[in-house]
Amino acid sequence: MKVTLAQIPFLANRVAVELARSGLVTMTQGMDPIVAEAKKILEQSVKQEAALEARVKEIVNDNEDEIDFYQADDRQLFFMIKKKLAPEYGVILSYEDRFSDLAHKILDAIYEEDLMNYDVSENRLKNIIYDAITSFIADNDEIERAVNEKMKSFQKQLIPGTDEYELRFEKLYREELTRRGLA
């Protein structure tokens, strides 16, 4: 599952909370600077993938006539081009590997900024960050299903993609996060 820019603040907060809950670290400046560092790294990753996908779409659109002529599968072609260009954009396509890389980058940034002290191996802390990311994604899927069910129950059916839909979805999403103690 891809992480979106809208989810990053919640995910960054989850990383900081899980580090604090671990009892393995002492935060030197509180949680906010850790959240900010995690947010910066996560945003960079999402923006890199967005730039990659924009370039792939551009290539596909530029070659639309040939794609139609050869009756190529657009989705498969999109993925093949994305796979080919991913190293240029610094994007790791395997989510497991990407989340591991992000955990390393977040831990390195926290260490460089001297935001926490610890006496355990960095690998243990990296695993806490990795688990925070993967558990957030699992929880997020469940939360989105719950929000979508609530959206369906409204008398006025909103059209996905409209501003009204997005605002209502975001409000319900935040409420669901709060209800589950994740925000």
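**Exercise 1. Find out which side chain of opposite charge is nearest to K126, and how far away D131 is.**

Solution. Start with burial: K126 is buried (under 20% relative accessible area, 1.4 Å probe, protein chains only). Next, look for a salt bridge (a side-chain nitrogen of Lys or Arg within 4 Å of a carboxyl oxygen of Asp or Glu). K126 has none, and the nearest side chain of opposite charge is D131, 7.9 Å away. Lys and Arg count as positive, Asp and Glu as negative, while His and the chain ends are not counted.

A word on the model: it is predicted, so local features need pLDDT of at least 70 and side-chain atom pairs pLDDT 80 or more, while totals for chains, interfaces and linings use all residues. Residues are numbered from 1 along each chain as its sequence is written, and side-chain values use heavy atoms, leaving out hydrogens and water.

**Exercise 2. Where does K126 lie, and which side chain does its own side chain touch in a polar contact?**

Solution. First, locate K126: helix α6, residues 122–153 (helices are DSSP runs of H or I, at least four residues, numbered from the N terminus). Then check its side chain, which makes a polar contact with the side chain of N127 at 3.3 Å (a pair of N or O atoms within 3.5 Å, one able to donate a hydrogen and the other to accept it; residues adjacent in sequence count only if both atoms are side-chain atoms).

**Exercise 3. Why does D73 count as partly exposed?**

Solution. Begin with its place: D73 lies in the loop between α3 and α4 (74–89). Now take its relative accessibility: because this is 43%, D73 counts as partly exposed (between 20% and 50%).

Technical notes: Helix = DSSP H or I, 4+ residues; strand = E, 2+ residues; numbered from the N terminus.
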